[in-house]
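Me: I have a model open and want to go through it piece by piece. Can we start at the beginning of the chain?

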Amino acid sequence: MEQLLKDLLMSNGVSGYEEHVAKIMSNALSKICSSVEIDNFGNVIGKLGNGKKKIMIAAHMDEIGMVVKYVSEKGYIYFVKIGGVNDSILPGKLVEIINKKGEHIKGVIGTKPPHLTTAEEARRPSKHTDMFIDIGLSSREEVMKVLNIGDQIIFEPNAGVLHGDFCYGKAADNRISCYAMIKVIEFFSKIKDLDAEICACATVQEEVGLKGGKTSSFKVNPDFALIIDTTPAGDMPGIEEKISALKLGKGVAITMIEAAGRGTIVSQKIRRIMLEAAVKNNIAHQIDIIDGGMTEGAIIYTNREGIFTGILSIPTRYIHAPASVFNIKDINSAIELAIKTIEAVVEEL
Ligand SMILES: [Zn+2]
């Protein structure tokens with residue numbers, strides 16, 4: 001696995017706490033952009049080239065996680081969830097609490113062993129509000145010496161190769177797209193004749209209401225915005241093909257409708273441009289029409305007087321879990337199709 005991709009997956013940045021991943025993004029972008037800034041909201045915006053069209057690429061860099069809420073007298077840590085986390089995945093997981101000094105404090109989300117669980121308790125689904133983190137200290141006093149209320153909590157960082165092109169990692173949603181965005185910018189940094197300015201926006205706080213996409217697209221005010229994000233793949237036990245037909249290794253998904261229309265409904269014109277770009281250039285792709293879930297495209301395309309928006313989604317298994325599975329081939333087809341879409345948009349829009 002390429003080092004940049006690994007660094008992005010291993011880095012931390014629960015929504016509102018993106019400084020660490022923002023530093024990786026701004027370092028990578030400064031090597032290939034003419035300017036890079038971090039705006040008031042925390043979005044990293046890199047600019048490149050100039051010309052009559054303004055193109056925005058957006059990839060959110062925040063991840064779902066938790067934040068320290070309360071420490072009990074006995075030193076157990078209670079938390080709030082940030083973003084969509086299923087309570088059922090939490091018990092027994094290894095986490096890291098990151099304090100003000102940037103130190104990572106290891107902890108385990110405690111769970112009652114079956115030996116001590118009554119039949120009635122075993123039937124009841126556990127709620128995150130009853131869960132606690134054990135960091136191996138036995139009093140509130142000791143705990144408060146190493147962390148503060150309000151510190152972010154992430155799942156234990158992990159990234160690597162499973163087999164062949166199949167890889168795993170924490171926060172694949174959406175660090176794999178941050179990586180893809182950098183590769184797209186890298187490509188355009190070597191092309192001198194594109195009649196456009198490209199703004200790469202690594203956005204914040206997507207997982208808690210698409211916020212960074214809203215402010216950055218207002219600031220950039222592009223003619224076209226291309227969002228790169230992940231989308232849940234359906235090729236695993238328990239998901240019928242009619243619910244999701246997206247498969248790993250079969251190419252990037254061109255998202256057309258999110259959340260049954262409550263999210264982005266991509267315009268017919270942009271759908272045509274993106275599909276043509278994929279077919280003409282022989283890029284592996286799938287079509288994503290999804291019942292639940294949306295990207296920051298939903299807020300960007302309704303910003304200002306309406307912004308032409310396209311969405312590329314990389315199919316990913318186990319999104320919002322401590323480790324997700326993805327395929328390198330799909331990242332590569334996302335990079336290729338992003339490039340060809342932008343070239344086509346500059347010509348045709
Ligand atoms: Zn996402």
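Me: Which residues of helix 1 are buried?
Reply: Helix 1 spans residues 3-10, and its buried residues are Leu5, Leu8, Leu9 and Met10. A residue is buried if 20 or more other C-beta atoms lie within 10 Å of its own, exposed if 12 or fewer, and partly exposed in between, with C-beta atoms placed from the backbone. Helices (H or I, at least four residues) and strands (E, at least two) are DSSP runs, numbered from the N terminus.

Me: And how is the numbering done, and what kind of model is this?
Reply: Residues are numbered from 1 along each chain as its sequence is written. The model is predicted: local features need pLDDT of at least 70, side-chain atom pairs count only at pLDDT 80 or more, and totals for chains, interfaces and linings use all residues.

Me: Back to helix 1. What covers its buried residues?
Reply: The cover includes helix 2 (19-30), strand 10 (159-163), strand 11 (166-169) and helix 5 (172-189). Contact here means C-beta atoms, placed from the backbone, within 7 Å.

Me: Anything odd in helix 5?
Reply: Asn174 lies in helix 5, and the peptide bond from Asp173 to Asn174 is cis, with omega near 20°.

Me: New topic. Is strand 14 buried or exposed?
Reply: Strand 14 covers residues 252-257, and 5 of its 6 residues are buried, so it is largely enclosed by the rest of the structure.

Me: Which strands does it pair with?
Reply: Strand 14 pairs with strand 15 (residues 285-289) in the parallel sense, over 5 bridges. Strand 14 also runs antiparallel to strand 16 (residues 308-316), joined by 3 bridges. Strands count as paired if DSSP finds at least two bridges between them.

Me: Which residues sit across from each other?
Reply: Thr255 has Asp288 in strand 15 as its bridge partner, and Ala253 stands opposite Ser313 in strand 16.

Me: What about positive phi outside glycine?
Reply: Leu210 has phi near 55° and is in the loop between strand 12 (196-203) and helix 6 (211-220). Asn221 has a positive phi of about 50° and is in the loop between helix 6 and strand 13 (224-232).

Me: How many C-beta atoms surround Leu210?
Reply: Leu210 has 19 other C-beta atoms within 10 Å, so it is partly exposed. Asn221 is also partly exposed, with 14.

Me: Last one: what are the domains?
Reply: Domain 1 is 3-63 + 158-348 and domain 2 is 72-155, with bounds from an automatic or database domain assignment. Their C-alpha centres lie 32 Å apart, and 11 residues of domain 1 are in contact with 10 residues of domain 2.

Technical notes
Contact = placed C-beta atoms within 7 Å.
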